[in-house]
Amino acid sequence: MAKMAKVSPSTLVIIVMCCYWATIAASQSMKYKDPKQPLNVRIKDLLSRMTLEEKIGQMTQIDRSVASADVMQKYFIGSILSGGGSVPAKEASPEMWIDMINGFQNGSLATRLGIPMIYGIDAVHGNNNVYKATIFPHNVGLGVTRDPELIKKIGAATALEVRATGINYAFAPCIAVCRDPRWGRCFESYSEDPAIVRQMTELIPGLQGDIPANGRKGVPYVGGKEKVVACAKHFVGDGGTTKGINENNTVISPHNLFSIHMPAYYDSVLKGVATIMISYSSVNGAKMHGDHQLVTNFLKNDVKFRGFVISDWQGIDRITDPPHANYTYSILRSVEAGLDMIMVPLNYTEFIDGLSYLVTNNFIPMSRIDDAVKRILRVKFVMGLFENPLADTTMVKHLGSHEHRELAREAVRKSLVLLKNGRTATEPLLPLPKKSAKILVSGTHADDIGNQCGGWTIEWHGQSGNITIGTTILSAIKNTVDPTTEVVYQENPTPEFIKSNNFSYAIVVTGEHPYSETVGDSLNLTIPEPGPTTITNVCGAVKCVVVLITGRPVVIEPYVSNMDALVAAWLPGSEGQGVADVLYGDYGFTGKLARTWFKTVDQLPMNVGDPHYDPLYPFGFGITTEPVKSS
């Protein structure tokens with residue numbers, strides 16, 4: 001065995017000290033890893049170290065279905081999302097979500113520079129893809145409340161429930177101004193009135209936290225581990241398309257674009273929104289995903305938005321008709337227009353190769369790539385992602401918590417609009433008496449959590465049935481009435497059954513079935529059968545209140561004269577108890593329409609202030625009632 005060379009103590013000290021100082025020097029030179037460094041120093045330091053391949057990786061967002069730790073590491077992917085219904089397993093627990101996301105994150109952390117990825121999800125009315133999450137009312141109902149503080153609390157609760165599953169990026173709020181209820185996304189819009197939509201941008205500080213007093217306006221802000229990155233969407237004019245056709249063309253004057261569809265974006269930027277998603281739709285024939293004037297010149301340069309701009313799902317593909325006909329052109333147009341992160345989200349190698357080719361061959365300047373990556377890194381640094389890249393189970397307790405369900409229940413109460421109360425003003429039917437001999441509850445939506453939650457719930461389009469945990473309206477009624485009151489439930493009863501039972505009164509709960517996006521587009525806006533038949537049969541035979549579960553105003557004029565009372569409950573979510581709270585007078589009706597209720601679809605589009613305004617129920621209408629004092 002060879003003898004080891006003797007090392008003098010003084011030499012050993014020198015070696016140890018050299019190693020120590022080398023380590024210190026290395027960590028000091030990697031300024032981007034030091035949270036004490038100024039934000040711009042960290043961004044500049046990290047960007048200077050990145051190769052083109054690493055930069056393009058940051059601009060790429062892929063769906064979890066094609067992600068793995070290996071993919072994250074090999075392609076330097078900057079972001080993952082769960083598309084609607086894209087979950088680790090059916091009824092997956094929060095722990096399963098956390099394990100999956102941390103697995104992907106470990107792939108990102110194993111890269112040369114260790115840049116963590118950001119994980120996004122459509123948490124548009126609570127963390128709605130996740131089993132057992134609190135499902136809040138959809139925006140169409142929340143606009144009715146005209147209560148920004150309530151919306152801010154919903155944002156804070158949603159942030160906690162999103163973090164409970166290890167996720168740190170919510171694609172919300174939708175600040176579309178829906179000008180035509182034929183649009184299948186109208187339920188995602190707070191109102192036809194831009195002033196109400198502007199108020200509702202308080203969801204952003206709820207999700208992200210309040211910008212500190214000394215914080216810079218327009219710079220993204222995310223206040224720590226209990227908050228998430230928000231996303232104002234869909235820029236711009238998505239709610240103004242012709243006939244409400246999804247992803248279609250908004251024909252509009254500059255004045256109306258900037259006075260109706262743009263104002264909520266100013267508010268969002270001032271409140272520190274970290275990301276803005278581009279709309280599939282066009283403005284006067286120009287696809288928003290390729291609109292340099294509005295995205296770069298206006299949003300980035302004039303409004304001074306400092307966060308990152310993200311595409312919608314395969315949004316750049318749809319620049320061409322048919323979609324994906326010339327993908328290289330789609331990449332060129334969208335990145336030139338000012339998009340920073342592309343929700344590819346499936347065939348990511350095609351995107352990475354295409355963008356690499358365009359930069360290498362000088363079709364896209366490196367300055368444009370650097371602008372995109374700086375913006376993405378800015379958000380990641382601001383949210384503390386480098387310091388806390390991995391999720392743990394400390395937040396799991398927030399998912400579907402009692403406190404959040406009570407908040408959702410309050411939101412339901414405040415979102416209900418009483419449209420009719422009694423055959424005459426002197427004979428109101430509501431509030432209903434809790435004590436009666438026998439009452440009838442009927443309709444397809446009375447005992448169905450999926451129907452009362454609507455689209456973007458567990459699945460992309462939502463789904464009928466008891467798809468998650470919550471309280472149906474039937475259960476809520478049973479919880480509320482006197483124990484001696486007999487509650488009979490028959491989904492679609494015959495007139496003979498009703499007449500032979502001597503009911504004191506009936507509650508009909510019916511409406512639209514769940515949908516989202518294009519499948520929700522409707523040119524006739526009728527309630528599907530058996531809804532109208534149930535209304536006719538029940539209200540023709542006994543005193544009745546109709547509770548409508550819809551994502552928008554629908555055709556009801558032919559049936560109103562038969563009803564004793566009519567309540568618009570929109571898409572109330574998982575906490576149906578809020579409906580019974582108000583029907584039975586524990587709380588009064590306070591909601592006022594945030595959308596015009598038309599008579600016939602031939603009148604559409606018809607919005608408050610229009611010269612031909614002749615609604616069934618005008619914008620701002622809503623009968624109020626006082627709570628019943630308990631004896």
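**View 1. Arg42 and its salt-bridge partner Glu387.** In this predicted model, Arg42 counts as buried, at 4% relative accessibility. Arg42 forms a salt bridge with Glu387, and the closest N and O atoms sit 2.7 Å apart. The two residues come from distant parts of the chain, 345 residues apart: Arg42 belongs to helix α2 (residues 39–49), while Glu387 is in the loop between α15 (366–382) and α16 (402–415). Is Glu387 buried or partly exposed? With a relative accessible area of 32%, Glu387 is partly exposed. Side chains of opposite charge can pair when their charged atoms come close. Across the whole model, the count comes to 28 salt bridges.

**View 2. A salt bridge between two helices, from Asp267 to Arg198.** Here the closest N and O atoms of Asp267 and Arg198 are 2.6 Å apart, and the two residues form a salt bridge. This pair, too, links distant parts of the chain: Asp267 is in helix α11 (residues 263–270) and Arg198 in helix α8 (residues 194–199), 69 residues apart. Asp267 is buried because its relative accessible area, 15%, is under the 20% cut-off. Arg198, at 36%, counts as partly exposed.

**View 3. Arg368, Asp340 and the network around them.** Arg368 forms a salt bridge with Asp340, with 2.6 Å between the closest N and O atoms. Arg368 sits in helix α15, and Asp340 in the loop between α13 (327–337) and β11 (342–343), 28 residues away along the chain. Both Arg368 and Asp340 are buried. Which residues make up the network here? Salt bridges with shared partners join Lys300, Asp340, Arg368, Asp371 and Arg375 into one network.

**View 4. A six-stranded sheet with a helix packed on it.** The strands of this open sheet follow the order β12-β17-β16-β15-β13-β14, and their pairing is mixed. At the edges are β12 (417–421) and β14, each pairing on one side only. On average, neighbouring strands are turned by 15 degrees against each other, direction ignored. Helix α20 (residues 531–539) packs on the sheet and touches β13, β15 and β16 (544–549). The direction of α20 makes about 165 degrees with that of β15. As for the surrounding annotation, an unreviewed UniProt entry places "domain: Glycoside hydrolase family 3 C-terminal" at residues 416–624. Over residues 416–624, the chain is 18% helix and 14% strand, and the end C-alpha atoms are 10 Å apart.

**View 5. Strand β13 and the strands it pairs with.** What happens to the five residues of β13 (residues 438–442): buried or exposed? Five of the five are buried. Lys438, Leu440 and Ser442 point one way from the strand, whereas Ile439 and Val441 point the other way. Four bridges join β13 to β14 (residues 486–489), and the two run parallel. In β14, Val488 is the bridge partner of Leu440, and Val487 is that of Ile439. β13 also pairs with β15 (residues 506–511) in the parallel sense, over three bridges. On that side, Val441 has Ile507 as its bridge partner.

**View 6. Ser522 in the loop between β15 and α20.** Ser522 lies in this loop and is buried, with a relative accessible area of 15%. A polar atom of the Ser522 side chain is 2.8 Å from the backbone nitrogen of Leu525. Leaving aside neighbours within four places in sequence, Ser522 is in contact with Arg182 and Arg552.

Definitions and conventions:
Residues numbered from 1 in each chain as written. Predicted model: local features only at pLDDT ≥ 70, side-chain atom pairs only at ≥ 80, totals over all residues. Heavy atoms only, no water. Buried < 20%, exposed > 50% of the residue type's maximum accessible area, 1.4 Å probe, protein only. Pairing = 2+ DSSP bridges. UniProt positions renumbered as here; feature names shortened; annotations may be inferred. Axes fitted to C-alpha atoms, helices over the stretch in contact; angles between N-to-C directions. Contact = heavy atoms within 4.5 Å. Polar contact = N/O pair within 3.5 Å; in protein donor to acceptor, adjacent residues only side chain to side chain. Salt bridge = Lys/Arg side-chain N within 4 Å of Asp/Glu carboxyl O.
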